[in-house]
Amino acid sequence: MSDRYAQVEVLHRARPRSRLIRWSALLAIACSALVWFASEISFADMFSTKRLGHLDRFITNDMLPSKLRGESFSWGGLGDWCAEQFQLNGARAMFATLCISVLAIVLAAVAGAMLGAFGARNLMSAHPFLPHATVGHGDCSHGLDRVAQFTRFVCILLRAVPEYIWAYLLLAMLGTSAWPAVLALAIHNAGILGRLAGETIENLPSQPLRALSMTGGTRRDVAVVGIFPMALGRYLLYFFYRFETCVREATVLGMLGVVSLGYFVIEARAHGQYSTMLFLIFLGGMLVMLADVVSDIARRWLQKGI
Amino acid sequence: MAKPLPLAQRLPTRRVRILTGIFLAALLAFFGLDLNLGDLIPRDSGFRLVLEFFGAAFTPAFTYQSSTGLPEGTSPFLFKVGRGLWTTLTYAIAAMSLSLIGGMALGLLASASFWERRHPLWAVLRWAVRLLIAAMRSVHELLLALVFLATLGITPAAAVLAIAIPYSGTLAKVFSEMLDESPREAADALSYLGANPLQVFLIGRLPRAFPDIAAYSFYRFECAVRSSAVMGFFGFTTIGLYLRQSFENLHYREVWSYLYALIIVVLILEVWSSQLRRRFVA
């Protein structure tokens, strides 16, 4: 019996360990402790008596539509008010938000597919997919690996800057239309989809691609005939996954002045109509949940194969 | 022998139909938004701004771009960048530590594998948790921040909580999916040996999903850094606040310094997480 425990002990000691993982975990814990105990963030301040008094007034008074304050509150009245708000701005805001996200994600997907192809290291080599033995002078790479490296770097640049900041900068340059919001979402998501597409291409089974290459296919042939159909399913999975985040992001870009849900939210806030503000935020939540369900169904459908 | 269909009838495969559908949707959206391709080209003042702004990209500022109007004893510019970055990171770390706890707890409750081998009535609780997660995810952190600002006034904890709520939801959803997709052989073996459901889950299931969970958490931290940077646009003292002020003062070289600072942080996180992932897989 003790012999077996000794064996377990030996196995336990021989388990793979990494100093990097250990130090990272330690650093994470230390940083969290530091932030909670030695920074300006304090929940005691957030829920101080003064602020709670403010909250109390908000819930009992500001939050309700002015028509329904005091004695005249009724659920039917609230329903009528919601319908009225929905017709006034709600429907328009939801439609614009949806359009912005759909257009943005499609633009991002097209750009991302390009970035992915140029960023995939297996495609961007001198003799894609050919085994080294069959290639005479295989070390001459035409600098293509540099292209791949550069493309990956561009992807990181595109996604490192948040959508909101992209939109803010673009708005100053392009003036008010829906373009800044669309482009901001497209740029950020192109970075993300480009990286995911590159990984997808690198993880494809190489035998069929090698076969195409060995029978005389050029790099473009392999990309169009082999990689495109094989990678499309997985890429579409990522597409729908990003679509749902796009809708979420599109709701807020309006706060900068573009016509999406956020615009009407900010308007309502500026006029002190907190009830309208909350209702619009609720509508945004509904829209995001709807996009969530659509994306979930699409992905489940795709996983059965296309 | 069946005659092969003419090419034209064979062509619209499922794949072609999906792609056509997607592009049609994009076209509808284009017209729904009343967009104009001409608006993509910046005009006069916009064009000058584009030139000036992108010209500044090559010469980011290391000191204040103009020293007029600076009060006596202002700390140096790079110090300001560092402070903005540090605040951004503190918000992100605080929000992430909250969301990891919340996401883990809700993720366990929402996963099918946690409730396996238990009474089927527990499924009610599981679906309730899933609904809660969807609701938490559905409202964007900036909208939540706006609600907190309206109800409680400006306080750093409000920004942290605004980020933490949707992030907990997202982490919970992804964690639960990862737990359910992790290989189940070890869990089954433990179950046949007579382990109770909790042991089966904690020893057989959870460790198998852990590498994925750690990698995804790291990615979400990167997102949290971005979210907290944007919080600056609402008056919190993260890097977004300084970026906006510099842009409004037309100090584009300073704007680029902030952008580069943000990009460098994301680059470091990227390298770090890819190194970690390599260790986990090995």
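Trainee: How many residues of chain A are in contact with chain B?

Mentor: Good place to start, and keep in mind that this is a predicted model. On the other side of the contact, chain B contributes 55 residues. The part of chain A that touches chain B is made up of 40 nonpolar, 11 polar and six charged residues. The number you want for chain A is 57.

Trainee: Within chain B, are the axes of α4(B) and α10(B) parallel, perpendicular or oblique to each other?

Mentor: Helix α4 of chain B covers residues 77-110 and helix α10 of chain B covers residues 197-231. Their axes come within 8 Å and cross at roughly 130°, and the crossing is right-handed. An angle of that kind lies outside the 65 to 115 range for roughly perpendicular and is not over 145, as roughly antiparallel would require. The two helices are therefore oblique.

Trainee: Which class of residue has 11 members where α4(B) meets α10(B)?

Mentor: From α4(B), the residues taking part include L89(B), A92(B) and M96(B). They meet a set in α10(B) that includes F221(B), A224(B) and V225(B). Three polar residues and one charged residue also belong to this contact, and the class with 11 is nonpolar.

Trainee: Is A110(B) buried or exposed?

Mentor: A110(B) sits in helix α4 of chain B. Beyond its neighbours within four places in sequence, A110(B) is in contact with R126(B), V129(B), R130(B), I133(B), A172(B) and S176(B). Being buried takes 20 or more other C-beta atoms within 10 Å. A110(B) has 28 such neighbours, so A110(B) counts as buried.

Technical notes: Residues numbered from 1 in each chain as written. Chains lettered and ligands numbered in written order. Predicted model: local features only at pLDDT ≥ 70, side-chain atom pairs only at ≥ 80, totals over all residues. Axes fitted to C-alpha atoms, helices over the stretch in contact; angles between N-to-C directions. Helix = DSSP H or I, 4+ residues; strand = E, 2+ residues; numbered from the N terminus. Parallel < 35°, antiparallel > 145°, perpendicular 65-115°, else oblique. Left-handed = near helix turned anticlockwise from the far one by under 90°. Contact = placed C-beta atoms within 7 Å. Nonpolar A, V, L, I, M, F, W, Y, C, P; charged D, E, K, R; others polar. Buried ≥ 20, exposed ≤ 12 C-beta atoms within 10 Å, placed from the backbone.
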